[in-house]
2 protein chains.
Amino acid sequence: MPTDPRQRRAARHAQSTAAADEAAPRKRPITVDRITDAALDVIATQGYDALTMRSVAALLHTGPASLYAHVVNKADIDELIIGRLCNQLVLPEPDPETWREQISDVCAQLRDQYLRYPGVARAALSMVVTDLDVLRVSEGMMAIVLAGGVAPQSAAWAIDALFLYVGAYTLEISLGAQRQGQTGEDWLVSREERDELVSRFRNLPADRFPETRRHAAELTAGDGHERFDFTVGLIVRNLA
Amino acid sequence: MPTDPRQRRAARHAQSTAAADEAAPRKRPITVDRITDAALDVIATQGYDALTMRSVAALLHTGPASLYAHVVNKADIDELIIGRLCNQLVLPEPDPETWREQISDVCAQLRDQYLRYPGVARAALSMVVTDLDVLRVSEGMMAIVLAGGVAPQSAAWAIDALFLYVGAYTLEISLGAQRQGQTGEDWLVSREERDELVSRFRNLPADRFPETRRHAAELTAGDGHERFDFTVGLIVRNLA
DNA sequence: TATACGCAGCGAACGACGTTCGTGTCAAGG
DNA sequence: CCTTGACACGAACGTCGTTCGCTGCGTATA
């Protein structure tokens, strides 16, 4: 029960998650969990750019100053968010037969979590890797890849690459969706955006951009997560 | 000679780079190039977080308002910066024999450009891909991979993946370096930081993090750009 | 039972940010 | 000489993250 936010954050990083919180207090006090909930609410409904100390505090019917009793700073909220997302991933028992599918599945879970909260990948890419919830996912992926017989060094580097790629991929998707306007498209990239991009490529000067003009369709292709699956497969396939 | 910044930015995106600027005016007027120079100067010396309208303007001995006659907004400066960096990459003539080395070399060039300006990868990851200077690099990489006999669809997706990975990798490196304090280490990750990370991993609870404890060395390994070369090789190797 | 203490909560403010508005200023054209 | 138009800029607005110091309540002690 560390009362100092700095202490609480340190505990989340270095050691196990300590004891569970005590029972429900009398009224409805501000807690770290409620702050995390509110932050995720803001991101889910208004995007990561709208994640503000004030917007989080408003959802808790208070002012921004009240948050600093539970949280070190905004970066701390970022960590809490990513930790929460990682905490919801289900890690399968390592199976030497299907380890490639298992890894791809974990990556897809992480991808979908990021996409559910538009722009949150920016927080993920700016974070240290010592948060316990994140380490739990890293540990689980390590176990899977090692069960597949991959050398430890290759396994570690490949997992790092996968983390980075998932973050960058989802960030790109979120930015494109937000730029296109929040029309609430349930699919990743709208047809209008792709058509406009293709025509832009087609109108490039022919002498300097022959390949881009010729393969404008391929450069903008990828319904669903084909592109994602392609890259993850590319990385996973060569791990002997 | 578009006088409206919006017009100037649109010209940089859609068509060729128009005519060159006219000769030197009377005194020392503010130009887009000088703004780009100043912005890169700020990033190189103080990092991307210090890139501010005010800091750029200060280097030009003026106020922030003066920049808006040449630039749409701060995102526009981001584009100018990335465009400048991409512009300095040398793209080899595609050679079907050595195309893998050629691609790796271009990625390494991009990586080194990003690392020269700490944190600038954040701008790269938040950008549209229609800037002409960026498209030039994409075009050159496309030509190299296609010369290697790779299918157009695979080539396009692989190049996208490489771009994303280079950005995420360099961003992670820059953040780590800046967190460690700007001790001016000329190498990527200091020994102290790695040692501290290893000991932190080793102190994790044994029941929940066995693999992380066991392979703490591998998880933090990677002198120079071994990790980078590993991942790029992983992606490039499977492109038939 | 009365009182002192500790602390979560919060109003107000500070400095810095991106951006805009209206005014100044100076070279070229009539 | 005056007009004109484009460029430059001082000042300001609204918002951000963060800090300071007060308030009021619950608990433990005398």
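DNA strand C is surrounded by 18 residues, and the closest of them are A:Pro29, A:Thr62, A:Ala65, B:Ala65 and B:Asn73; a residue counts as near a strand if its C-beta atom, placed from the backbone, lies within 6 Å of it. The model is predicted: local features need pLDDT of at least 70, side-chain atom pairs count only at pLDDT 80 or more, and totals for chains, interfaces and linings use all residues. Residues are numbered from 1 along each chain as its sequence is written, while chains are lettered from A and ligands numbered from 1 in the order in which they are written.

The contact between the chains takes 44 residues from chain A and 44 residues from chain B, two residues being in contact if their C-beta atoms, placed from the backbone, lie within 7 Å. On the side of chain A that touches chain B, two or more residues come from each of helix 7 (132-147), helix 8 (152-179), helix 10 (210-214), helix 11 (216-220) and helix 12 (226-237) of chain A. Helix 8 of chain A gives the most, with 15 residues. Helices are DSSP runs (H or I, at least four residues), numbered from the N terminus.

Chain A is divided into domain 1 (5-85) and domain 2 (90-237), with bounds from an automatic or database domain assignment. Between them, 15 residues of domain 1 of chain A are in contact with 16 residues of domain 2 of chain A. Helix 4 of chain A supplies the largest share of the domain 1 side, six residues.

The table gives the composition of three surfaces by class. Ala, Val, Leu, Ile, Met, Phe, Trp, Tyr, Cys and Pro count as nonpolar, Asp, Glu, Lys and Arg as charged, and the others, Gly among them, as polar.

| Surface | Nonpolar | Polar | Charged |
|---|---|---|---|
| Near DNA strand C | nine residues | six residues | three residues |
| Side of chain A that touches chain B | 24 residues | 12 residues | eight residues |
| Side of domain 1 of chain A that touches domain 2 of chain A | seven residues | four residues | four residues |

In helix 12 of chain B, the buried residues are B:Arg227, B:Phe228, B:Thr231, B:Val232, B:Leu234, B:Ile235 and B:Val236; buried means that 20 or more other C-beta atoms lie within 10 Å of the residue's own, with C-beta atoms placed from the backbone. Their cover includes helix 8 and helix 12 of chain A, together with helix 5 (99-116) and helix 8 (152-179) of chain B.

A:Tyr165 and B:Tyr165 have the most contacts inside the largest nonpolar core, which has 132 residues. Such a core is a set of buried Ala, Val, Leu, Ile, Met, Phe, Trp, Tyr and Cys residues joined through C-beta atoms within 7 Å. Leaving aside neighbours within four places in sequence, A:Tyr165 is in contact with A:Thr231, B:Ala161, B:Leu164, B:Tyr165 and B:Ala168.

Methods. A residue is buried if 20 or more other C-beta atoms lie within 10 Å of its own, exposed if 12 or fewer, and partly exposed in between; C-beta atoms are placed from the backbone.
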